[in-house]
Amino acid sequence: VLAELIEKFVSHLSERRLDCYFSPGNYKAMNADVKKESLSSVQQLGVEMTVRYGKYLNLLKEHAENGLCFVLLNCEKFLKEQQRTVVSSLCCLQEPCAAYDWFASSVFLMMSGNQEKTLTFLQQFSSLLVSAFLWLPRLHVSVHLPVTTVESGIHPVYFCSAHYIEMLLKAELPLVFSAFHMSGFSPSQICLQWITQCFWNYMDWSEICHYIAICIFLGPDYQIYMCISVFRHLQQDILQHKEA
């Protein structure tokens, strides 16, 4: 039900010019008969983990691996059309994608392994501003970013969402903020990891779905509130670790 709701919501917004922050492009999906070998070793490992988790949740059937590979390869080609060529010694700028695409994988599970629905959703979703914050590969070396930002290798989520998370954390949970400061760790580093992985391995599946849906329905600023809520939930554990 939630998948159908976000699908209709995104489809509606993508048809309204005022809500389209990015150009949707005219990409046509390639042949569904894709080869897994076309993915990097990191992506292949991610596919295996995603399919195993999907089967554990009873969301995916046999041969779902091929469908996920189809989605990831098409996403990579679709996003590449909106990327700029960068000459840099930074490793993160030499790869076709920043990392494994956890957001696309999450949508694939939400769509119960339907590759066509997943790809259609992602193409429509890519025109909305919230895609820049939820779908990190969306702005990887993107033409939509200033050249200086691209060359820095720092994703906008880090200096936007993560920056505001630290500001709010200092105001709302000063003890937690101090604990991080004393440990030498930055809360923004932890949050960037959570956001990059769509909270996989940190939240239950239903909570991951709620996180994605809330940010789509209410706006990307709820990504910040979600991270603050997690820190509030973990406050006692964080403070105990600081004392230890």
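**Exercise 1. Determine which backbone atom the side chain of His-155 reaches, and whether His-155 is buried or exposed.**

Solution.
Step 1. In this predicted model, the side chain of His-155 comes to 2.8 Å from the backbone oxygen of Leu-136.
Step 2. Locate the residue: His-155 sits in the loop that runs between helix H7 (147–152) and helix H8 (156–159).
Step 3. List its contacts, leaving aside neighbours within four places in sequence: they are Ala-132, Leu-136 and Leu-139. Leu-136 is thus named both in this contact list and as the owner of the backbone oxygen.
Step 4. Buried means under 20% relative accessible area. His-155 has 16% relative accessibility, so it counts as buried.

**Exercise 2. Describe the overall make-up of the protein chain: its helices and strands, and its share of buried residues.**

Solution.
Step 1. Count the elements: the protein chain has 14 helices and zero strands. Read from the N terminus, every element in the run is therefore written α.
Step 2. Turn to burial. Of the 244 residues in the protein chain, 47% are buried.
Step 3. For the surface, about 13200 Å² is exposed, and carbon and sulfur atoms supply 55% of that area.
Step 4. Consider the contacts with a separation of 6 or more: 75% of them are between residues 24 or more positions apart.

**Exercise 3. State how many salt bridges there are, and place the partners of Glu-4 and Glu-7 in the helices.**

Solution.
Step 1. Side chains of opposite charge can pair when their charged atoms come close. The cut-off used here is 4 Å between nitrogen and carboxyl oxygen, and the count comes to four salt bridges.
Step 2. Glu-4 pairs with Lys-8, with 3.2 Å between the closest N and O atoms. Both residues lie in helix H1 (residues 2–14), four residues apart, which is about one turn of the helix. Glu-4 is partly exposed at 44%, and Lys-8 is exposed at 55%.
Step 3. Glu-7 pairs with Lys-117, the closest N and O atoms being 3.7 Å apart. This pair links distant parts of the chain, since Glu-7 is in helix H1 and Lys-117 in helix H5 (residues 115–125), 110 residues apart. Relative accessibility is 21% for Glu-7 and 34% for Lys-117; Glu-7 counts as partly exposed, and Lys-117 also counts as partly exposed.
Step 4. Another salt bridge joins Lys-55 and Glu-62, at 3.5 Å from N to O. Lys-55 is partly exposed at 33%, while Glu-62 is exposed at 59%.

**Exercise 4. Find where Asn-58 and Ser-112 lie, and give the sign of phi for each.**

Solution.
Step 1. Asn-58 lies in the loop between helix H2 (41–56) and helix H3 (64–80). Its phi is near 60°, a positive value in a residue other than glycine. Asn-58 is exposed, at 68% relative accessibility.
Step 2. Ser-112 lies in the loop between helix H4 (102–110) and H5. Phi of Ser-112 is near 55°, again positive in a residue other than glycine. Ser-112 is partly exposed, with a relative accessible area of 46%.

**Exercise 5. Work out how Phe-125 pairs with Phe-103 and with Phe-121.**

Solution.
Step 1. A pair of aromatic rings is described by the distance of the centres and the angle of the planes. The structure holds 16 aromatic pairs.
Step 2. Phe-103 and Phe-125 are 5.1 Å apart centre to centre, with 25° between the planes. Planes under 30 degrees apart count as stacked, so this pair is stacked.
Step 3. The pair links distant parts of the chain: Phe-103 belongs to helix H4 and Phe-125 to helix H5, 22 residues apart. Phe-103 is buried at 1%, and Phe-125 is buried at 0%.
Step 4. Phe-121 and Phe-125 are also stacked, at 5.6 Å centre to centre and 10° between the planes. Both lie in helix H5, four residues apart. Phe-121 is buried, at 1% relative accessibility.

**Exercise 6. Identify the residues of the nonpolar surface patch and the helices that supply them.**

Solution.
Step 1. The patch consists of Ile-214, Leu-218, Tyr-222 and Tyr-225, which together have about 340 Å² of accessible area.
Step 2. Helix H12 (205–218) and helix H13 (221–233) each supply at least two of its residues.
Step 3. Tyr-222 is found in helix H13 and is partly exposed at 32% relative accessibility. Membership of a patch needs over 30%, a value that Tyr-222 passes.

Note on methods: Residues numbered from 1 in each chain as written. Predicted model: local features only at pLDDT ≥ 70, side-chain atom pairs only at ≥ 80, totals over all residues. Heavy atoms only, no water. Patch = residues over 30% accessible without salt bridge, like charges linked within 9 Å, V, L, I, M, F, W, Y side chains within 5 Å. Areas by Shrake-Rupley, 256 points an atom, 1.4 Å probe, with all protein chains shown as cover. Salt bridge = Lys/Arg side-chain N within 4 Å of Asp/Glu carboxyl O. Buried < 20%, exposed > 50% of the residue type's maximum accessible area, 1.4 Å probe, protein only. Polar contact = N/O pair within 3.5 Å; in protein donor to acceptor, adjacent residues only side chain to side chain. Contact = heavy atoms within 4.5 Å. Phe/Tyr/Trp six-rings, centres within 6.5 Å; stacked < 30°, edge-to-face > 60°.
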